[in-house]
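I opened this notebook to keep track of what I looked up, one entry at a time. The entries go from the whole chain to single residues.

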Amino acid sequence: MDDLRQIPVQLQASRSTTLSSVPLIRLQCGANSYEWGKKGHDSAVARFAAATPSSDFTIQDDRPYAELWMGTHSSNPSKDLTTGRTLLDLVQDNQALISQPVASRFGNKVPFLFKVLSVNKALSIQAHPNKKLAEQLHARDPKNYPDDNHKPEMAIAITPFEGLCGFRPLDEIAHFLEAVAPLRQLVGEDNAKEFIGVVAQTKGDESEEAVARNKAVLRKAFAAVMSSSESDMAAAAKVLVESAASAGADFAGGGVPATSGSTLAELVTRLHGQFGADYGLFVLFFLNFVTLEPGEALFLQADDIHAYVSGDIIECMASSDNVVRAGFTPKFKDVDTLVNMLTYKYAPIDEQKMQPSEYPYATLNRAAYSSGSSVTLYDPPIDEFSVVRTTLRGSGSKATFDPIEGPSIIICTSGKGKISVGPTAQEVKEGYVFFVGARAECVLESEGETDDEFVTFKAFVEVDDHNQTAA
């Protein structure tokens, strides 16, 4: 095992750089206050933001803190804690910070937006546009679609998390259309019968023709709910909420194996308490309900429908703030665009979850090996970003990361330790955020007692993979 672990060191030698020329910059990052955020010290966003000194930020117990932004996005760019200059200014003045290949591919900016989210109240039913649609929406309506970029995103739980993600398997939706009368009412009798009939006919058939038929009836049923009148929706919601309160475990015909009747009843009751009568109460019967434990992750392609319900997550996405919303929100809703943009892919929730792997370009020292420390890679099928979660246990556990041809942003979510780039070392505590320039060897080392864990998340981009760079 030790011999295998030394392979990255050999690669490291072929990627040598003048480390002293690559800065390590501690960042001050902005916290956004949205209604759905956790309040006061209950919010990880608030605690992490408060870890960095700021004259204009103090935690208020009655204020919601929803998102911590880390990156160069112009809506809330991070700043160099020492100089006060924005990270966007720094990388535009010095292309070497992000590397010429990254700048050539993505422009003089960090191509990802790294966030922490603290969710107390469900976010909107939403999807993010693909690149072509983002350009069209931005040109047509720059107020509501502030940039022209796509926004695939990844969510990694740091506390137990709940969300709605992607369309359910169609036999589950068919079950709900038969068992939930208010849902069937909004979909319409003819649409419901057609949906149930087609799903029965195509069961087990994965041909292109069968999938196309399934997607067509799914779109028709979903569109019928979203285009129903406010008065019809409100009347159906009243019946739905009363049924959830009275039926308990028998609600929605006892549910389906993936989501029990009692779980659905509790969700309907909770979300109705947050939003009142809302189209989202019916959308949840179309979408997978997912729970994540810390370290588990989801990847959401552009045009994938989703809604976060509760919990704290690390989120990474292409650098965009485009959201198409249609429920669980007082903000601008664009129902027609949402209905038309979705792919209507359907799959069990296990297919939505990511399968992380060991990150091969970090070397652990003996203390890290013996304590069971780990370096885990979350690598979505896009170019703009990947994320590494590092868990160093005890004291003196060390992970040394090979230089890469691109920038990194690192946040500590628990524990304490230090970070080193060349001769420069700084202490790290919960909530501290750092920018690491391209081509830098970065070292993380834990401090604390035997049972302590020093946990960091590192978002990075690299145009060339390790083998190409090493060659």
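What follows are my entries, beginning with the overall picture.

**Entry 1: the whole protein.** I noted before anything else that this is a predicted model. I looked up the secondary structure and found 16 helices and 27 strands. I then checked burial, and 56% of the 471 residues count as buried. For the surface I read an exposed area of about 19200 Å², of which carbon and sulfur atoms supply 46%. I also looked at how contacts are spread along the sequence: among those between residues at least 6 apart, 77% join residues at least 24 apart.

**Entry 2: the nonpolar cores.** I asked myself which residues have the most contacts inside the largest nonpolar core. They are L183, F195, F222, F282, F285 and F286, in a core that has 59 residues. Another core lies apart from it, with 44 residues, and I wrote down I25, A44, F112 and F457 as being among them. I kept a general remark beside this entry, that in soluble globular proteins nonpolar side chains tend to be buried together.

**Entry 3: helix α10.** I wanted to test the length of α10, which runs over residues 208-226. Its 19 residues, at 1.5 Å a residue, should span 27 Å, and since the C-alpha atoms at its ends are 27 Å apart, the expectation and the model agree. Which residues of α10 are buried? I listed A210, N214, V217, L218, A221, F222, A224, V225 and M226. For reading such a list I recalled that an α-helix has 3.6 residues a turn, so residues three or four places apart point the same way.

**Entry 4: around α10.** I took F195 next and, leaving aside neighbours within four places in sequence, found it in contact with L170, I173, A174, L177, V217, L218 and A221. Of these, V217, L218 and A221 are among the buried residues of α10, while L170, I173, A174 and L177 are among the buried residues of helix α7, residues 170-179. The buried set of α7 also includes E172 and F176. I then looked up what these buried residues of α7 pack against, and the partners are α8 (181-187), α9, α10, β11 (255-256) and α12 (261-275).

I also checked D190, which is found in helix α9, residues 189-201. Is D190 buried or exposed? It counts as exposed, because its relative accessibility is 64%, and the cut-off for exposed is over 50%. The C-alpha atoms of D190 and A221 are 9.8 Å apart in space, with their positions 31 residues apart in sequence.

**Entry 5: positive phi angles.** I looked at two residues that are not glycine and yet have a positive phi. S99 has a phi of about 85°, and its place is in the loop between α4 (87-93) and α5 (100-106). With a relative accessible area of 0%, S99 is buried. Y344 has a phi of about 60° and is found in the loop between α14 (335-341) and β17 (357-358). Y344 counts as buried too, at 3% relative accessibility.

**Entry 6: strands late in the sequence.** I turned to F435, which has its place in strand β25, residues 433-436, and counts as buried at 0% relative accessibility. Beyond its neighbours up to four places away, F435 touches P23, L24, I25, L27, L87, V91, L97, V110, P407, S408 and I409.

A425 lies in strand β24, residues 424-429, and is partly exposed, with a relative accessible area of 47%. Leaving aside neighbours within four places, A425 is in contact with I419 and S420. The C-alpha atoms of A425 and L24 are 8.3 Å apart, although the two are 401 residues apart in sequence.

S446, in strand β26 (residues 442-447), is buried with a relative accessible area of 2%. Apart from residues up to four places away, S446 touches L392, R393, G394, S395, G396, S397, K416, G417 and F454.

**Entry 7: cavities.** How many cavities of 30 Å³ or more are there? The count comes to two, and the largest has a volume of about 40 Å³. I copied out its lining as D402, I404, G406, S408, V436, G437, A440, C442 and K458. S408 in this lining is also one of the residues that F435 touches. K458, another lining residue, is 9.5 Å from F435, C-alpha to C-alpha.

Key: Residues are numbered from 1 along each chain as its sequence is written. This is a predicted model: local features need pLDDT of at least 70, side-chain atom pairs count only at pLDDT 80 or more; totals for chains, interfaces and linings use all residues. Side-chain values use heavy atoms; hydrogens and water are left out. Helices (H or I, at least four residues) and strands (E, at least two) are DSSP runs, numbered from the N terminus. Buried means under 20% relative accessible area, exposed over 50%, partly exposed in between (1.4 Å probe, protein chains only). Contact means heavy atoms within 4.5 Å. Accessible areas come from the Shrake-Rupley method with a 1.4 Å probe; for residues, only the protein chains shown count as cover. The expected span of a helix is 1.5 Å times one less than its number of residues. A nonpolar core is a set of buried Ala, Val, Leu, Ile, Met, Phe, Trp, Tyr and Cys residues joined through side-chain atoms within 4.5 Å. On a 1 Å grid over the protein atoms alone, a cavity is a set of points where a 1.4 Å probe fits but cannot get out, and a pocket is an open set with protein on both sides within 12 Å along at least five of seven lines; lining residues have an atom within 4 Å of a point. Grid points are joined across faces, edges and corners, and a volume is the space filled by probe spheres set on the points.
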